[in-house]
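Thanks for coming. I will take a few minutes to walk through one structure, going from a single turn outwards.

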Amino acid sequence: MSELLFHLLLGAVDLLGLALIARRPGRRSLLIVLGLGVIAVIVLSAFFGGGSFSTLRLLAWGIFGHGLLGLIAAAVVMWKKRRKCAIAAAATAGFIALIAIDAFLIEPRWLEVSRHQLTSAEISEPVRIVVVADFQAEEIGAHERRALTAARDAEPDLLLFLGDYVQVESDERRAELRGELRVLLEELSFQPRLGAIAVRGNVDRDGWEESFPEPFVTVHDRQRFTWGPVTVTALSLFESLRGQTRVDDAPGLHVTCGHLPNFATGKVEADLLLAGHVHGGQVRLPFIGPLLTASTVPRSWAVGRTELPEGRTLLVSRGIGMERLGAPPLRFLCRPEVVVIDVVPGASAQQG
């Protein structure tokens with residue numbers, strides 16, 4: 001009901017704006033209507049949104065629905081009397097349409113394999129770590145297959161899955177998706193030299209571990225794994241959520257991973273800290289960055305690689321999928337990614 005009221009009120013604003021432009025066509029009227037329209041979209045989205053994801057969905061409707069149609073209508077109304085203003089309105093509508101095509105149709109499936117290199121004095125041979133996070137899958141389709149194939153083809157020594165695997169409301173459909181994901185993982189036959197670990201995400205319901213065949217180890221509570229000079233501390237969902245989590249040091253190359261990056265603000269004695277959850281914000285703007293991080297870490301930490309004090313490195317994956325169940329299904333300047341980290345022997349200083 002609230003979404004219907006949003007569209008009705010914003011539709012009324014659209015009609016009033018078009019009436020003003022029809023009565024006094026010109027640049028000034030167009031700018032006034034555009035300014036009032038932006039304010040109306042922001043205010044009504046915040047009022048009727050009722051939550052961060054719902055607000056973002058209404059903002060998307062306001063920009064890519066009402067805004068686009070309103071600009072096209074304004075161009076038609078001004079075409080005979082104010083040709084230049086009509087062209088400006090049409091060009092703006094075209095620009096918004098191009099953004100919509102990118103955000104809804106291109107970027108959500110435009111997978112990137114992001115590569116990082118670190119050096120460590122704690123190892124004598126290279127170690128490749130591959131991170132896969134945040135499928136948020138409502139189907140196991142071509143995109144999910146591409147992502148997992150890219151992870152396998154990277155030939156990881158250590159494979160880390162960082163939570164949020166399927167996200168649907170139906171228990172029956174959730175069980176089906178878990179089975180489909182398991183079949184796909186079995187088909188791709190991951191065989192990392194050191195191990196494969198999967199932790200729980202905040203959207204994962206009981207039974208999430210059914211998605212993972214051998215050689216994956218699923219982690220509910222904190223577990224520590226040691227393979228030669230490499231130690232992995234895998235955190236529980238709750239520990240990754242806490243900003244006061246403490247992780248003691250371990251010999252060799254120490255990797256600590258969890259679903260949320262919040263744990264990075266705690267006392268974590270590890271060389272490499274890995275997390276997902278944030279999706280890179282899904283929408284990133286030039287000079288601003290992610291609009292929403294859903295995390296307690298500083299905004300500058302929430303996406304990509306951050307060098308922390310004491311020689312530690314935090315890396316937060318943009319994830320594979322998108323937030324479902326109410327959020328707008330889009331990515332902008334924030335492609336999905338599989339993360340490949342090559343740790344090579346050497347001095348303790350990191351290299352980008």
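**From one hairpin to the whole chain**

Let me start at a hairpin, the one formed by S14 and S15: 3 residues sit between the strands, and Glu310 takes a positive phi near 65 degrees. I should say at once that this is a predicted model.

Now the strands on either side of that turn. S14 covers residues 304–308, and its pairing with S15 is antiparallel, over 5 bridges. One bridge joins Glu307 to Thr313 in S15.

S15 has another partner to look at. Strand S11, residues 272–275, pairs with S15 in the parallel sense over 4 bridges. Here Leu274 stands opposite Leu315 of S15.

So is S15 itself buried or exposed? Strand S15 runs from 312 to 316, and 5 of its 5 residues are buried, so the rest of the structure largely encloses it. In a regular strand, side chains alternate between the two faces of the sheet. For S15 both faces are covered: Arg312, Leu314 and Val316 are buried on one side, and Thr313 and Leu315 are buried on the other.

Next, the nonpolar cores. The largest has 30 residues, and Leu148 and Phe161 have the most contacts inside it. Elements that give two or more residues to this core include helix H5 (142–153), strand S3 (158–161) and strand S16 (337–345). Which element gives the most to this core? That is H6, with 5 residues.

Phe161 is worth a look on your screens. Leaving aside residues up to four places away in sequence, Phe161 touches Val132, Phe135, Leu148, Leu185, Ile197, Ala198, Val199, Phe212 and Phe216. There is also a second, separate core of 26 residues, with Ile123, Val127, Val131 and Leu162 among them.

Moving to the surface. Leu20, Ile32, Leu36, Ile39 and Val43 make a nonpolar surface patch of about 430 Å². Helix H2, residues 27–49, supplies the largest share of that patch, 4 residues. Val43 is one of the residues in H2.

Last, the overall numbers. The protein has 7 helices and 16 strands. Its C-alpha trace spans about 75 × 45 × 35 Å along the principal axes. There are 352 residues, and 51% of them count as buried. Among contacts with a separation of 6 or more, 67% are between residues 24 or more positions apart. The exposed area is about 16,500 Å², of which carbon and sulfur atoms supply 60%.

That is my tour; I will stop there.

Note on methods. Residues numbered from 1 in each chain as written. Predicted model: local features only at pLDDT ≥ 70, side-chain atom pairs only at ≥ 80, totals over all residues. Heavy atoms only, no water. Patch = residues over 30% accessible without salt bridge, like charges linked within 9 Å, V, L, I, M, F, W, Y side chains within 5 Å. Areas by Shrake-Rupley, 256 points an atom, 1.4 Å probe, with all protein chains shown as cover. Salt bridge = Lys/Arg side-chain N within 4 Å of Asp/Glu carboxyl O. Core = buried A, V, L, I, M, F, W, Y, C linked by side-chain atoms within 4.5 Å. Buried < 20%, exposed > 50% of the residue type's maximum accessible area, 1.4 Å probe, protein only. Contact = heavy atoms within 4.5 Å. Pairing = 2+ DSSP bridges.
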